[in-house]
Amino acid sequence: MKMKAAKNTPWYVESFKQDYLHIYAHRDDRKGDEEIEAIVQLLKMKRGSSVLDLCCGYGRHSRALARRGFVVTGYDLSEVLLEEARRRSQGLPVIRYVQGDVRQLPFYEEFDYVLNLFTSFGYFERQEENQQVFNGIFQSLKKGGVFLIDFLNPPYVQAHLKPFTQQEVNGMKIIERRKIENGQVIKTIEVYDGDEVRHYEERVKLFTADEMVEMIVAAGLEWTALYGNLQGEKYDVEHSPRMVLVGRKPAPKEDLMTKV
C-alpha cells in the first residue's frame with residue numbers, strides 16, 4: 001500500500017483539495033440551502049444585497065444565496081475548490097469567485113453582508129493572524145454592513161467530541177480521528193483509495209464567546225447578537241452546538257440620523 005508523503009506546508013493548504021469533496025460529501029447543496037434560508041430569516045437580508053461568502057469552499061452557500069437574488073462573491077484559498085464551485089454554479093446568476101488568503105482580503109467597503117460559515121475560522125497559530133480575519137471583515141463591509149460568524153461552541157465540542165469515525169464514499173474508506181490538545185481541535189484524516197493512503201490534518205483553535213467578541217471589538221466592529229445555532233436559538237454555553245456571532249460595521253452618526 002502506497003503512503004503519500006506529507007509536505008511541509010500549512011494544513012489548510014493541503015487539506016482543501018479534491019479529497020475534501022469526499023470527506024464532507026454530506027455537507028451538500030441541500031444542507032447549504034437550509035442553512036442560508038435560516039440566515040436570511042435571522043438577519044432579515046434584503047434581496048439584491050451584496051454578500052461575501054468568506055471561505056466559500058466549493059460554493060454551496062454561494063449558490064444558495066445566488067438563487068435567492070443576492071449579489072454574491074465567494075472567496076477562498078483553494079483553487080481546487082473554487083474550480084469545483086465554478087463548475088457547479090453554471091446556469092445560476094453570476095457568482096464572482098475570488099482566490100486569496102483570508103488574512104489579506106482585497107475588498108474595501110463593498111459588501112452589505114459578510115458570512116463566514118461552517119467553522120472557517122481559527123485556523124492560524126498566531127493570534128494576530130486570526131485577528132486579521134476580523135480586520136478584513138471590517139475593511140470589506142460597507143458602513144452599517146452586517147457580518148455573521150458560524151463557529152464551534154467549545155464546551156459542547158469538548159462534551160461531544162467523537163474520537164473516531166469511519167465512512168465509505170465513492171469506493172474510498174475515510175477514517176477520521178479527533179482530539180483536543182493545547183486549545184485546538186485536531187482532526188487527522190486517512191483516505192484509503194485503492195492501494196494508496198492519503199493523510200490530512202485539520203486544526204481549529206477553540207475560542208470562547210468572550211474571546212471572539214474581543215477580536216470583533218478590536219477590529220472596530222460592533223457585536224450585536226450571539227445565538228446557539230443558525231435558527232436564532234438562545235446561546236447556552238454548555239448545550240448549544242454552535243456559536244453564531246452577529247455584528248455590524250458602525251455607520252457614521254450622520255448616516256444614522258438621516259435614516260431616522
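Let me begin with helix α5, where the residues that cover its buried positions include those of α2 (18-23), α4, β3 and β4. I should say at once that this is a predicted model, and everything that follows should be heard with that in mind.

The buried residues of α5 are L81, L82, E84 and A85. Looking down the helix axis, these buried residues fall within an arc of 160°, so they line one face of α5. The helix also holds E79, and what is the status of E79, buried or exposed, given its relative accessibility of 35%? Because buried means under 20% and exposed means over 50%, E79 at 35% counts as partly exposed. Leaving out residues up to four places away in sequence, E79 touches R86 and Q99; the second of these is 20 residues away along the chain, and yet the C-alpha atoms of E79 and Q99 are separated by 6.4 Å.

From there I turn to α4, which was named a moment ago as part of the cover of α5. Why can helix α4, residues 60-67, be called largely enclosed by the rest of the structure? The reason is that seven of its eight residues are buried, namely R60, H61, S62, R63, A64, L65 and A66. These buried residues pack against α3 (29-43), β2 (50-54), β3 (71-76), α5 (79-88), β4 (96-99) and β5 (111-116). Just after the helix, G69 takes a positive phi of about 90°.

The next element is α6, residues 127-140, and here a check on geometry is possible: at 1.5 Å a residue, its 14 residues should span 20 Å, and the end C-alpha atoms are indeed 20 Å apart, so the two values agree. Its buried residues are E129, N130, Q131, V133, F134, G136, I137 and S140, and their cover includes β2, β5, β6 (141-152), β10 (196-205) and α8 (209-218).

Two of those α6 residues, F134 and I137, bring me to the nonpolar cores, since in the largest one, which has 50 residues, they are listed with L54, F147, F151 and M212 as touching the most other members. If we set aside neighbours within four places in sequence, I137 is in contact with L54, L105, V114, F147, I149 and L221. Apart from this core lies another, of 26 residues, among them A38, V51, L82 and V246, and L82 takes us back to where I started, as one of the buried residues of α5.

Definitions and conventions:
Residues numbered from 1 in each chain as written. Predicted model: local features only at pLDDT ≥ 70, side-chain atom pairs only at ≥ 80, totals over all residues. Heavy atoms only, no water. Buried < 20%, exposed > 50% of the residue type's maximum accessible area, 1.4 Å probe, protein only. Helix = DSSP H or I, 4+ residues; strand = E, 2+ residues; numbered from the N terminus. Contact = heavy atoms within 4.5 Å. Expected span 1.5 Å × (residues − 1). Core = buried A, V, L, I, M, F, W, Y, C linked by side-chain atoms within 4.5 Å. Arc of directions from axis to C-beta.
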